[in-house]
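Trainee: Could we go through this structure together, one question at a time?
Mentor: Gladly, let's have it in front of us and begin.

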Amino acid sequence: MDSFLYMALEQWQVELSQCVRSLDQLEQYIPLENKERLRAVIANMRLSITPHSLKLINFNDPSDPLMLICVPQEAELKFSPEELEDPIGDQLKSPIPFLTHRYPDRVLIYATFFCSLFCRFCFRKYKTGEANPGPRPDDITKIEQYLLEHPEVDEAILTGGDPLTLLDTQIEEWLRRLRAVPSINRIRIHTRVPVNLPSRITDNLIEIFKKYMNATHPIYIVTHFNHPREIAGENIEAIAKLVNAGVVIRNQHPLLKGVNDDAKVLAELYKKLVNIRVAPYYLHQLDQAKGIGHFRIPIEHGIELMRALQGTITGIAIPRYMLDQPNGQGKIQLTEPQKSAAEHP
Ligand code: SF4
């Protein structure tokens, strides 16, 4: 892209335009011996690594956790019989396009299927890996209508893909329309932008958020840090801007083999998160999505990790360990109950 065009873009858009998106570009960072097979992998799910995440990866270590998160592997071509395209039944619970209504009081709205960085373990890779255009104006009108007809829904969750990769005008339009629905109290945004593209948290975006929240109508952001090394200076600044503006932030992430399946790594991650005012919310057992089996660890091991955390780190830093069941049946908690205060003075 030439410098004239750069001048018209914001910093985060320039960074988006500089993502590693091809194997030839990736090869400048790491030798690729199996390029033909990797072509098949990225045909199935796109490759995109942001400049910010590239900076944090240690390309000299073949088992670097941050590299495993975003560099495609041949293992993604292996499917086991129990793996599903739509592992948690989003489609089964979709009464209209781009909306899932699984629990009575909240809906998921797929605002876009684009992401700044395509995580190799994504459970929604059947959607996010495609060049799927997302909802058009008439789809958005139908979503609005659905919410008006379902006043039991008091929380709207913008998800995807990553909603914060949309333009400010598009984000503002979503917030404006959701706030116009009388039953909606909480707007929640699921995003990995504070992790992969922290420059996206601009002053203008903050002003937009402030406009659409008040003391009883909050905006929640549920973000997605997987490893303590993902919390770098720029990420801390982005989170601070959001929290200082009054946005409530939680973190959810999956348990990933080779990335965070270690009690010390999880303890460090959760302590760093609470220090930057992000509450650890859910640790997810990895869903049975196709081609991510190499990241999955047994539930029993996950329970052992949670036991190791309980009583070791402050209770405000411990998330709930959850399993999202297939066929849209919803989440169940896997964590055993916390030990009593007497056992852990
Ligand atoms: S940011 Fe979220 S939706 Fe996008 S690829 Fe990663 S896990 Fe999937």
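Mentor: One definition before we start: two strands pair if DSSP finds at least two bridges between them. Keep in mind, too, that this is a predicted model.

Trainee: Good. With that in hand, how many bridges join E5 to E6?
Mentor: Strand E6 covers residues 248-254 and runs parallel to E5. Within this pair, Thr223 stands opposite Asn251 in E6. The number of bridges joining E5 to E6 is four.

Trainee: Which strands are the edge strands of the sheet?
Mentor: The sheet is open, has nine strands with mixed pairing, and follows the order E1-E2-E3-E4-E5-E6-E7-E8-E9. From one strand to the next, the twist averages 25°. An edge strand pairs on one side only, and that description fits E1 and strand E9 (330-333).

Trainee: What angle does the direction of H8 make with that of E2?
Mentor: Helix H8, residues 137-149, packs on the sheet, where it touches E1 and E2. Its direction and that of E2 make an angle of about 180°.

Trainee: Which residue in E2 does Tyr103 stand opposite?
Mentor: E1 and strand E2 (residues 106-110) run antiparallel, with three bridges between them. A hairpin of two residues makes the connection from E1 to E2. Strand E1 (residues 99-103) has five of its five residues buried, so it is largely enclosed by the rest of the structure. The residue opposite Tyr103 is Arg106.

Trainee: Is Leu108 buried or exposed?
Mentor: Leu108 has its place in strand E2. Leaving aside residues up to four places away in sequence, its contacts include Phe98, Leu99, Ile157 and Thr159. Because buried means under 20% relative accessible area, the 12% of Leu108 makes it buried.

Trainee: How far apart in space are Leu108 and Ile189, C-alpha to C-alpha?
Mentor: In sequence, 81 residues separate the two. In space, the C-alpha to C-alpha distance between Leu108 and Ile189 is 9.6 Å.

Trainee: Why are the buried residues of H11 on the same side of the helix?
Mentor: Helix H11 (residues 203-211) has Leu205, Ile206, Ile208 and Phe209 buried. Turned away from that buried side is a face carrying the exposed residues Asp203 and Lys211. The cover over the buried residues includes helix H9 (168-179), strand E4 (186-190), strand E5 (219-223) and helix H12 (233-245). The buried residues share one side of H11 because the arc they cover around the axis is only 160°.

Trainee: At what angle do the axes of H9 and H11 cross?
Mentor: The contact brings Asp168, Ile171, Glu172 and Leu175 of H9 against Asn204, Leu205, Ile208, Phe209 and Lys211 of H11. By type, five of these residues are nonpolar, one is polar and three are charged. The axes come within 10 Å of each other, and the crossing angle, which makes H9 roughly parallel to H11, is roughly 10°.

Trainee: Within what arc do the buried residues of H14 fall?
Mentor: In helix H14 (residues 299-309), the buried residues are Gly302, Leu305, Met306 and Leu309. Viewed down the axis, they line one face of the helix because they fall within an arc of 100°.

Trainee: And what covers the buried residues of H14, including which helix?
Mentor: Strand E7 (279-284) and strand E8 (320-325) are part of the cover. The helix included there is H13 (263-275).

Trainee: Last one: which residue with a positive phi follows H14?
Mentor: The phi in question is near 85°. The residue is Gly311.

Definitions and conventions: Residues are numbered from 1 along each chain as its sequence is written. This is a predicted model: local features need pLDDT of at least 70, side-chain atom pairs count only at pLDDT 80 or more; totals for chains, interfaces and linings use all residues. Side-chain values use heavy atoms; hydrogens and water are left out. Buried means under 20% relative accessible area, exposed over 50%, partly exposed in between (1.4 Å probe, protein chains only). The arc is that of the directions from the helix axis to the C-beta atoms. Contact means heavy atoms within 4.5 Å. Axes are lines fitted to C-alpha atoms, for helices over the stretch in contact, and angles run from 0 to 180 degrees between N-to-C directions. Angles under 35 degrees count as roughly parallel, over 145 as roughly antiparallel, 65 to 115 as roughly perpendicular and the rest as oblique. Ala, Val, Leu, Ile, Met, Phe, Trp, Tyr, Cys and Pro count as nonpolar, Asp, Glu, Lys and Arg as charged, and the others, Gly among them, as polar.
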